[in-house]
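User: Please take a close look at one part of this model, the pairing of charged side chains, and set it against the rest of the chain in one connected account.

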Amino acid sequence: MRLRNRIIVGFMMVILVPLLLFTAAFYGLSQTQARQQRKVLEQSSSEKVYDIAITESENSTVRVQLMVKDMLVTAFVILVFTAVAVGLWIYRSIAAPLVKLKKATQNIKEGNLDFVLEVEGTDEFAELCQDFEEMRKRLKESAEEKLVLDKESKELISNISHDLKTPITAVKGYVEGIMDGVADTPEKMDRYVRTIYNKTVEMDHLINELTFYSKIDTNRIPYTFSKLNVEDYFNDCAEELSLELETRGIELVYANYVERDVLVIADGEQIRRVIHNLISNAIKYMDKKKGIIQLRVKDVGDFIQVEVEDNGKGIATKDLAYIFDRFYRTDVSRNSSKGGSGIGLSIVRKIMEDHGGKVWATSREGIGTIMYFVLRKYQEVPIHE
């Protein structure tokens, strides 16, 4: 029952019960007096009036007075009990939730959010308790999210620090080798310079990932969507990747099975980032002397499907479902030179989701991995006149 209704009912009970009692008392008194008057009139009209009649009349008056007194006392007692009962009824409807709210407030003040505020009833205080419980749940969710974010931030800093240190150390070593004259032949000098270049590219890629990651967290990814010709766009990407992979001794095999006039609506820069992240992941886990990466573009109905296949060491089945999660690393020990901040593939998934596409992977350990992503084709809607 609503608190307003409780107060109205309680007020009506406190007012009506005494009125009913007093009404009943006065009605009974009036009836008794009327009966006595009739008796006196009957006795007065008779020929003889005896003393016993006078005595009976006096006794009747005394009985009436006692009855009135008893009724007044009874009415007073009932009134008191009614007021106490109504007061307790209203007090309990207010005090019980207030006690719960006070205890809940104290828990939150002490930083304890692991409790449940039980709610009973449908009045205003019950609604207040429900709102308070919802607030507690949201505070707990926010606190848990903050802990996760703090942990992820610390892990990101640790990963980036480790992964920057590795190429910096390598660059420093090769530069010292050049300065000390270790690279004493044109072939050695060329190899040293290529290695230094590759390491600086790795560092640049890590810094770009870190910058882009901060934009993901604040939902400030700068998308510029436009119509892209699939053949022209991926031909340019393949040409650029071929030059980069050649410096690493990895062969790129490119195939485009999409017709010449197929278009997609996408951000060319961000899709290029997706491809580079997938290629970087393939390079990172390449364990064959003759590394081969295949880039295939296929037509699959309303979508175009892009596949990046490598002949690296592959991904374990237990890890495959989590590789696109933020900071997830299959190389938990970090005792190898594989590097990686753990956010590259999560960036890929975020970009593809924002494009209305998706990304997934298949893999066989020791044989290689295939990464897939799809983009919806651009189709003009005919206008009917």
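Analyst: In this predicted model, the side chains of Asp325 and Arg349 meet in a salt bridge, with 3.3 Å from N to O. The pair links distant parts of the chain, since Asp325 sits in the loop between α7 (317–320) and α8 (344–354), while Arg349 belongs to helix α8, 24 residues apart from its partner. Asp325 is partly exposed, with a relative accessible area of 27%, and Arg349 is likewise partly exposed, at 31%. As a general matter, side chains of opposite charge can pair when their charged atoms come close.

Helix α8 also holds a pair of a more local kind, in which Asp354 forms a salt bridge with Lys350 and the closest N and O atoms are 3.6 Å apart. Because Asp354 and Lys350 are four residues apart in helix α8, about one helical turn separates them. Both ends of this bridge are partly exposed, Asp354 with a relative accessible area of 31% and Lys350 with one of 23%. Beyond such pairs, Arg296, Lys298, Glu307 and Glu309 are joined into one network by salt bridges that share partners.

A further bridge is formed by Asp184 and Lys188, whose closest N and O atoms are 4.0 Å apart; the cut-off for a salt bridge is within 4 Å. Here the acidic partner, Asp184, is exposed, with a relative accessible area of 57%, whereas Lys188 is partly exposed, at 31%. By the same rule, the count comes to 17 salt bridges.

Asp310 provides a contrast to these pairs. This residue is found in strand β5, which covers residues 303–310, and Asp310 is buried yet has no salt bridge, the nearest side chain of opposite charge being that of Lys288, 7.0 Å away. Because a salt bridge requires the nitrogen and the carboxyl oxygen to lie within 4 Å, the 7.0 Å between Asp310 and Lys288 does not qualify. The side chain of Asp310 does, however, have a polar atom 2.8 Å from the backbone nitrogen of Gly312. Leaving aside residues up to four places away in sequence, Asp310 touches Ala282, Met286, Ile292, Ile293, Ile367, Gly368 and Thr369.

Uncharged side chains also form a feature at the surface, where Val73, Phe76, Val77, Val80, Phe81 and Val84 make a nonpolar patch of about 560 Å². Val77, one of these residues, has its place in helix α2, which runs over residues 51–109. With a relative accessible area of 37%, Val77 is partly exposed, and Val77 can be part of the patch because patches are made of residues with over 30% relative accessible area and no salt bridge.

These details belong to a chain with eight helices and seven strands. Buried residues make up 34% of its 385 residues, and Asp310 is one residue that is buried. Among contacts between residues at least 6 apart in sequence, 72% join residues at least 24 apart; the bridge between Asp325 and Arg349, 24 residues apart, spans such a separation. The accessible surface of the chain comes to about 24400 Å², and 58% of that surface belongs to carbon and sulfur atoms.

Technical notes:
Residues numbered from 1 in each chain as written. Predicted model: local features only at pLDDT ≥ 70, side-chain atom pairs only at ≥ 80, totals over all residues. Heavy atoms only, no water. Patch = residues over 30% accessible without salt bridge, like charges linked within 9 Å, V, L, I, M, F, W, Y side chains within 5 Å. Areas by Shrake-Rupley, 256 points an atom, 1.4 Å probe, with all protein chains shown as cover. Helix = DSSP H or I, 4+ residues; strand = E, 2+ residues; numbered from the N terminus. Buried < 20%, exposed > 50% of the residue type's maximum accessible area, 1.4 Å probe, protein only. Lys, Arg positive; Asp, Glu negative; His and termini not counted. Polar contact = N/O pair within 3.5 Å; in protein donor to acceptor, adjacent residues only side chain to side chain. Contact = heavy atoms within 4.5 Å.
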